[in-house]
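Trainee: Got a minute? I'd like to go through this structure with you.
Mentor: Sure, let's open it.

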Amino acid sequence: SAYFSFTTTQCAAVVGLVPNTGVHQTEKRKPSIVIDATDFIEEHLLPQIHADIVDEKCVYKSGIDSLFPAVGWLSGNLSDGRIPLILGFDLLPSVSRDNLKAFCAAYGTTGSSPLFHMANITPEAMGDNVINDMIQACGDKRVQVSKEDVVEAYTTLDSGKQSGDDISLVALGNPHLSVEEMKVLIDIISL
């Protein structure tokens, strides 16, 4: 139920209404596939994150920020047009709005469903009972995220730069670049 017309979205914004169809109906918001990253996160990320945390705000050394677009891209591919319930991210020490924004942007490039649910992170997938009901409703439609899957996602997303190529342009978006992301960039950029 994506809106392909700028005019359609503008009219909806002005009127304050959208068509009562697709994912605007509760029954059509239910997940129909589970994408489970729990084992990957427990085995490959949590040990590194716990080793890298210097203070409660610093988890950048572990590469957690790059995980979200990689797994977002991967989840879009794995969801096969279905609305997924994604498991495992609630094990991380924190998930920021910027992390979710990066996940959503990448998910939107490969996924054809208009939304996803992330267990204990997104509003409609909060609480064990709700999550268990969602898992049950998905039946046997379940995909495990493996280390190989994530490596393939990173490799694919990083395939645009050949060794020796110079970066000729860096574009920073507004309003997409948050204040927190600007602060991180200030810390890592050297002129």
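**A pocket, some bridges and a few odd angles**

Mentor: Start with the second largest pocket, which is lined by Ser66, Pro69, Ala70, Tyr154, Leu157 and Asp158. Keep in mind that this is a predicted model.

Trainee: What volume does the second largest pocket have?

Mentor: About 210 Å³.

Trainee: Which helix gives the most to the lining?

Mentor: That is α3, with 3 residues. Both α3 (64-78) and α6 (147-157) supply at least two residues each.

Trainee: And how do the lining residues divide by type?

Mentor: There are 4 nonpolar, 1 polar and 1 charged.

Trainee: Let's zoom out. How many helices and strands does the chain have?

Mentor: It has 7 helices and 4 strands. From the N terminus, the order is α-β-α-α-β-α-β-α-β-α-α. Of the 191 residues, 31% are buried.

Trainee: How many residues of α1 are buried?

Mentor: Just 1 among its 10 residues, so α1 is hardly covered. Valine 15 lies in this helix, which spans residues 6-15. Valine 15 is exposed, at a relative accessible area of 56%. Val14, Val15 and Leu17 form a nonpolar surface patch, with about 340 Å² of accessible area together.

Trainee: What follows α1?

Mentor: Glycine 16, with a positive phi near 80°.

Trainee: Which residues other than glycine have a positive phi?

Mentor: Aspartate 80 is one of them, with phi near 55°. Asparagine 120 is another, at about 60°. They catch the eye because most residues other than glycine have a negative phi.

Trainee: Where is aspartate 80?

Mentor: In the loop between α3 and β2 (84-87). Aspartate 80 is exposed, with a relative accessible area of 63%.

Trainee: And asparagine 120, where is that?

Mentor: In the loop between β3 (117-118) and α5 (128-138). Asparagine 120 is partly exposed, at 28% relative accessible area.

Trainee: New topic. How many salt bridges does the structure hold?

Mentor: There are 5. Side chains of opposite charge can pair when their charged atoms come close. One of the bridges joins glutamate 124 and arginine 29, with the closest N and O atoms 2.6 Å apart.

Trainee: Which parts of the chain does that pair tie together?

Mentor: Glutamate 124 is in the loop between β3 and α5, and arginine 29 is in the loop between α1 and β1 (33-36), so the pair ties together parts 95 residues apart in sequence. Glutamate 124 is partly exposed at 36% relative accessibility, and arginine 29 is partly exposed at 25%.

Trainee: What does aspartate 36 pair with?

Mentor: Arginine 142, in a salt bridge of 2.7 Å from N to O. This pair links strand β1, home of aspartate 36, to strand β4 (residues 142-144), home of arginine 142, and the two residues are 106 residues apart.

Trainee: Is aspartate 36 buried or exposed?

Mentor: Buried, because its relative accessible area is 7% and the cut-off is under 20%. Arginine 142 is partly exposed, at 40%.

Trainee: And which helix holds the bridge between lysine 183 and glutamate 180?

Mentor: Both residues lie in helix α7 (residues 179-188), 3 residues apart, about one turn of the helix. Their closest N and O atoms are 3.5 Å apart. An α-helix has 3.6 residues a turn, so residues three or four places apart point the same way.

Trainee: Which residues are linked in a network of salt bridges?

Mentor: Asp98, Lys101 and Glu181.

Technical notes:
Residues numbered from 1 in each chain as written. Predicted model: local features only at pLDDT ≥ 70, side-chain atom pairs only at ≥ 80, totals over all residues. Heavy atoms only, no water. 1 Å grid on protein atoms, 1.4 Å probe; cavity = no way out; pocket = protein on both sides within 12 Å on 5 of 7 lines; lining within 4 Å. Points joined across faces, edges and corners; volume = space filled by probe spheres on them. Nonpolar A, V, L, I, M, F, W, Y, C, P; charged D, E, K, R; others polar. Patch = residues over 30% accessible without salt bridge, like charges linked within 9 Å, V, L, I, M, F, W, Y side chains within 5 Å. Areas by Shrake-Rupley, 256 points an atom, 1.4 Å probe, with all protein chains shown as cover. Salt bridge = Lys/Arg side-chain N within 4 Å of Asp/Glu carboxyl O. Buried < 20%, exposed > 50% of the residue type's maximum accessible area, 1.4 Å probe, protein only.
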